[in-house]
Amino acid sequence: MVRREGEEGDREVRTLNPSQSNPRLRYEFDRGSGYESELRLTAALSALIPEDELLHSDHRFFQIVHLLTEYCWVAVHHSLCDLTAALAKGDPITATRHLVRCADTAGLTVECLRVMTNSLAQVSFLQMRKDLAGAASGLASPGSRNIRRAAHAVWAEFEATVTAAGVTMADLVEATGPDTSAAPATMQLAEVMTGLQRFDTQVLEWKQVHINLVWQMLGGQPRAADEDDDADDRPRSMRGRSISDLERLAVRPLFPKLWLQNTAVYRAASAVAPEEEAA
């Protein structure tokens, strides 16, 4: 604790690094400001591991990156709830706005991973990993699990909305074309469809960057394996699961039927017309 006088009055303030000998390098908070109170910032900063309990010099960075990611998933989940409600009300414009927020917020999780990938040395990661509890595996993330569950509700509401509008997914794809003659309502639903795919693309990008981080920190890149490597000897998560599980998850979308439609459109466009085949 440090006593400070100022606009908040003479009060005790807290520091994140009280052992820091240089007063100017101490991170002070809990100054009683309205900003900290409204944001619950004091409670959020109090969740950080005390400096004297850090296992490694990168431990705090490691925790903060993961906390930022989990907060982002909470924000995405909240927007998915609002998106589902907007679809149920027949409001595709608001639904599209929420999807923009979902995609952009999911993009922040990608940046969190990139910061870790670009600045965390493998030696540092492995040293921390030995000291972390086995239950600390990222596979137990509540964020990613709740996003997957919410995606099922979103897709069910979207399919119901499309059916109620009397159109098909193929109609929505057609409505995205530059020369479309689709009705405005159909075009609005097409924007929702496009927004769903953009959001799913961001989540898939997060998965791809994450598996790349795992390969960088643990090894096991499948195309860089020695010919005599045993498949059962691949690196494993902190819960003992093979990274092969992560590699499978890395290509699993939230909305598989949406991606199947892309395949259907491609096949239809690539099909040979009967008269061309006869020629």
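This passage walks through helix α6, the nonpolar cores, the cysteines, the aromatic pairs and one loop residue of a predicted model.

Helix α6 is a good place to start. It runs over residues 142–164, which makes 23 residues. From its first C-alpha to its last, α6 reaches 33 Å, close to the 33 Å expected at 1.5 Å a residue. At the N-terminal end, S141 acts as the cap: one of its side-chain oxygens sits 3.2 Å from the backbone nitrogen of G143. Just past the other end of the helix, G166 takes a positive phi of about 75 degrees. The buried residues of α6 are G143, S144, I147, A150, A151, V154, W155, F158, T161 and V162. As for what sits over them, the cover includes α3 (59–88), α7 (169–175), α8 (184–218) and α10 (256–270).

Two of those buried α6 residues are worth a closer look, beginning with T161. This threonine is found in helix α6 and has a relative accessible area of 16%, so it falls on the buried side of the 20% cut-off. A polar atom of the T161 side chain lies 2.8 Å from the backbone oxygen of E157. Leaving aside residues up to four places away in sequence, T161 touches L87 and L189. F158 has a relative accessible area of 0% and is buried. With the same sequence neighbours left out, F158 touches L87, M169, L172, L189, V192, M193 and L196. L87 and L189 therefore turn up in the contacts of F158 as well as those of T161.

F158 also shows up in the wider packing picture. The largest nonpolar core has 46 residues, and F158 is one of those with the most contacts inside it, along with L80, L83, L172, L196, F199 and F255. At least two residues of this core come from each of α3, α4 (92–119), α5 (122–131), α6, α7 and α8. The largest share, eleven residues, is supplied by α8. Another core lies apart from this one; it has five residues, among them I211, V214, L246 and A250.

On to the cysteines, where the disulfide count comes to zero. C81 is in no disulfide, and the nearest cysteine sulfur, belonging to C102, is 9.4 Å away. That is well outside the 2.5 Å that a disulfide calls for. C81 counts as partly exposed, at 41% relative accessibility. C112 is in no disulfide either; for this residue the nearest cysteine sulfur is that of C72, 5.5 Å away. C112 is buried, with a relative accessible area of 11%.

Aromatic rings give a livelier tally: a search of the whole structure finds five aromatic pairs. In one of them, the rings of W73 and W206 have centres 5.6 Å apart and planes at 80 degrees, so the pair is edge-to-face. W73 belongs to helix α3 and W206 to helix α8, so this pair ties together parts that are 133 residues apart in sequence. Both partners are buried, W73 at 3% relative accessibility and W206 at 15%. Another pair joins W155 and F158, with ring centres 5.3 Å apart and planes at 45 degrees, so the pair is tilted. These two residues both lie in helix α6, three residues apart, about one turn of the helix. W155 is buried as well, with a relative accessible area of 10%. Ring pairs go on to link W155, F158, F199 and F255 into a cluster. Of that cluster, F158, F199 and F255 are also among the residues with the most contacts inside the largest nonpolar core.

Last comes a residue outside the helices. V251 lies in the loop between α9 (243–249) and α10. With a relative accessible area of 58%, V251 is exposed. V251 touches L204 and Q208, again not counting residues up to four places away in sequence. V251 and V203 are 48 residues apart in sequence, and their C-alpha atoms are 10.0 Å apart in space.

Methods: Residues numbered from 1 in each chain as written. Predicted model: local features only at pLDDT ≥ 70, side-chain atom pairs only at ≥ 80, totals over all residues. Heavy atoms only, no water. Helix = DSSP H or I, 4+ residues; strand = E, 2+ residues; numbered from the N terminus. Expected span 1.5 Å × (residues − 1). Buried < 20%, exposed > 50% of the residue type's maximum accessible area, 1.4 Å probe, protein only. Contact = heavy atoms within 4.5 Å. Polar contact = N/O pair within 3.5 Å; in protein donor to acceptor, adjacent residues only side chain to side chain. Core = buried A, V, L, I, M, F, W, Y, C linked by side-chain atoms within 4.5 Å. Phe/Tyr/Trp six-rings, centres within 6.5 Å; stacked < 30°, edge-to-face > 60°.
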